[in-house]
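Reader: I have a model open and want to read its pockets and one of its helices. Where do I start?

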Amino acid sequence: PDLPTLRQRAADLERNAPVGATIINTSAIHTVGTGLACNPQIDGAFLGLTEEQVKEWQADTKRRFNAWAVTPDCDLARKLNLYGIQDLALRSTLSRGDVFVLTPRVARAMGSTRLALQLVEADRVCNPNGQRDTDTLTAGIEHSPETGEALRVHVADRHPGDTGRGPNTWTAREVRGAKTGRRNVLHLYRQLRPGLRRGVPILAPVIE
């Protein structure tokens, strides 16, 4: 129940305390750096491919990945490339405790359909209309009572603290596609104990 307040106080330290800001900035810079790079290494013998076919496939895949990653088209809002998204995702995880990534396929130039990434701030994933947690709903995440697997997340259309534009609305996002099992939602956080559903801001231990 105290998680929203914990996030607010951690965010205040990040904005207004030099040490808090340095912890976030230094961690992000040293961890992400220039970002993850694509370097495919497939098992040609297992796939029945010749050495030349393996090299050709790896070079083509790397070229296609880079063409997607270096442009803002990989961002649903077309603001960041993949490396900017990686930096923002880590900063959000450190600052707010966790962050969610939606992975829709959207129409882009010349009628092509491409993967796009959308970061969702931790505060926007919450129980609809402020309802209490239940046996299968915790802080906006629905999970299986048998396995504990996350089934869907409830995403508010805007930040819960934004009360100046009328009632908020929530959209339930399936974590995996029903037919393909494709990951529609990624949840980035550090699980500190079994059964923990949401992450804890890195600055939480230093809040007085």
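Author: We take the pockets, then a helix. Keep in mind that this model is predicted.

Reader: How is empty space found?

Author: Rolling a probe the size of a water molecule over the atoms shows where empty space is left. Here, the largest pocket holds about 730 Å³ of space.

Reader: Which residues lie nearest the centre of the largest pocket?

Author: Pro1, Leu3, Pro4, Arg7 and Ala139, out of 28 lining residues. Helix H1 (residues 3-16) contributes the most, with five residues. The lining mixes eleven nonpolar, nine polar and eight charged residues.

Reader: How many charged residues line the second largest pocket?

Author: None. Its lining has 13 nonpolar and four polar residues. The space is about 400 Å³. Of the 17 lining residues, Leu36, Leu82, Gln86, Ala89 and Leu188 lie nearest the centre. Helix H2 (18-32), helix H5 (82-96) and strand E9 (185-189) each give two or more residues to this lining. H5 gives the most, with six.

Reader: Now helix H4 (residues 51-69). What span should its 19 residues have?

Author: At 1.5 Å a residue, the expected span is 27 Å. The end C-alpha atoms of H4 are 27 Å apart, so the two agree.

Reader: Which residues of H4 are buried?

Author: Val54, Gln58, Trp68 and Ala69. They cover an arc of only 95° around the axis, so they sit on the same side of H4. Their cover includes helix H3 (44-47), H5 and strand E3 (113-115).

Reader: What does the face turned away from the buried side of H4 carry?

Author: The exposed residues Glu52, Glu56, Arg63 and Arg64.

Terms used
Residues are numbered from 1 along each chain as its sequence is written. This is a predicted model: local features need pLDDT of at least 70, side-chain atom pairs count only at pLDDT 80 or more; totals for chains, interfaces and linings use all residues. Side-chain values use heavy atoms; hydrogens and water are left out. On a 1 Å grid over the protein atoms alone, a cavity is a set of points where a 1.4 Å probe fits but cannot get out, and a pocket is an open set with protein on both sides within 12 Å along at least five of seven lines; lining residues have an atom within 4 Å of a point. Grid points are joined across faces, edges and corners, and a volume is the space filled by probe spheres set on the points. Helices (H or I, at least four residues) and strands (E, at least two) are DSSP runs, numbered from the N terminus. Ala, Val, Leu, Ile, Met, Phe, Trp, Tyr, Cys and Pro count as nonpolar, Asp, Glu, Lys and Arg as charged, and the others, Gly among them, as polar. The expected span of a helix is 1.5 Å times one less than its number of residues. Buried means under 20% relative accessible area, exposed over 50%, partly exposed in between (1.4 Å probe, protein chains only). The arc is that of the directions from the helix axis to the C-beta atoms. Contact means heavy atoms within 4.5 Å.
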